[in-house]
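Open the model in your viewer and keep the selection panel at hand. This tour goes stop by stop.

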Amino acid sequence: MAEKKIWDKWAKENGKHIALTNKKNWTEEQFNERGAQDIQQYVVPFLQEAWCGQSKKTMVALDIGCGPGRLTRALHNIFGRVIGIDISSEMVTQAQMMNPTLEFHTAESVNIPFEEKHFDFVFSFLVFQHFSSKKYTMDTFKEVYRLLKPGGYALIQLRAIPGR
């Protein structure tokens, strides 16, 4: 699996920079603070509208492509349980070291090892644009649908180039 090897290599070189490329030398505190800011900016307004102030402390969330876990950590402040997955075992190792009380798994987004209708919320931030094919992307969307509980939500953030 070529993608896994590439992400493992990049993670070993500088996992924080690969996950958040606008700075080379992140401290752990800066890295996690930026994750909290991104969740506040991109996720909290969506959740407030989607669940109209309903408590999410009993809900389960999934972070696809969690990298070193900065967004998984920030989501944990909102949801009762958050699970991060990444194709890179090296990224998962870094996430576990930085967030020892949280749950992380090495898994491909097309084959996530949880039963169907397990998650209230599925989130992915700037990951889908790295997928190798349209089929892989569509298979990931099918997997997200399989994992979502009825009434659950998915929020997929990606960078796109207009006209492509």
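What follows is a walk from the whole chain to single residues.

**Whole chain**

Start with everything selected. This is a predicted model. Color by secondary structure: the chain has six helices and five strands. Trace the elements from the N terminus, and the order reads α-α-α-β-α-β-α-β-β-α-β. Now switch to a surface view. Of the 164 residues, 45% count as buried. Contacts also reach along the sequence: of those between residues at least 6 apart, 65% join residues at least 24 apart.

**Helix 2 and helix 3**

Select residues 28–42 for helix 2 and residues 44–51 for helix 3. How do the two helices lie relative to each other? Their axes are 4 Å apart and make an angle of about 40°. The pair is therefore oblique, as the angle falls between the 35 degrees limit for roughly parallel and the 65 degrees at which roughly perpendicular begins.

Show side chains at the contact. From helix 2 come Ile 39, Gln 40, Gln 41 and Tyr 42. Helix 3 answers with Val 44, Pro 45 and Phe 46. By class, this contact holds five nonpolar and two polar residues, with no charged ones.

**Strand 4 and its neighbors**

Next, select residues 119–125, which form strand 4. Is this strand buried or exposed? Seven of its seven residues are buried, so the rest of the structure largely encloses strand 4.

Add residues 60–64, strand 1. Strand 1 and strand 4 pair in the parallel sense, over four bridges. Pick out Asp 63 here: its place is opposite Phe 123 of strand 4.

Now add residues 148–157, strand 5. Strand 5 also pairs with strand 4 in the parallel sense, over six bridges. To find one of the matched positions, select Phe 121 and its bridge partner in strand 5, Tyr 153.

**Thr 72**

Keep Asp 63 on screen and select residues 70–76, helix 4, where Thr 72 sits. Which side chain does Thr 72 join through a polar contact? The partner is Asp 63, at 2.6 Å. Thr 72 has 0% relative accessibility, so it counts as buried; the cut-off is under 20%.

Finish by showing what Thr 72 touches beyond four places away in sequence. Asp 63 and Cys 66 are in the set. So are Val 82, Ile 83 and Gly 84. Leu 102 and Phe 104 complete the list.

Conventions
Residues are numbered from 1 along each chain as its sequence is written. This is a predicted model: local features need pLDDT of at least 70, side-chain atom pairs count only at pLDDT 80 or more; totals for chains, interfaces and linings use all residues. Side-chain values use heavy atoms; hydrogens and water are left out. Axes are lines fitted to C-alpha atoms, for helices over the stretch in contact, and angles run from 0 to 180 degrees between N-to-C directions. Angles under 35 degrees count as roughly parallel, over 145 as roughly antiparallel, 65 to 115 as roughly perpendicular and the rest as oblique. Contact means heavy atoms within 4.5 Å. Ala, Val, Leu, Ile, Met, Phe, Trp, Tyr, Cys and Pro count as nonpolar, Asp, Glu, Lys and Arg as charged, and the others, Gly among them, as polar. Buried means under 20% relative accessible area, exposed over 50%, partly exposed in between (1.4 Å probe, protein chains only). A polar contact is a pair of N or O atoms within 3.5 Å; within protein, one must be able to donate a hydrogen and the other to accept it, and residues adjacent in sequence count only if both atoms are side-chain atoms. Two strands pair if DSSP finds at least two bridges between them.
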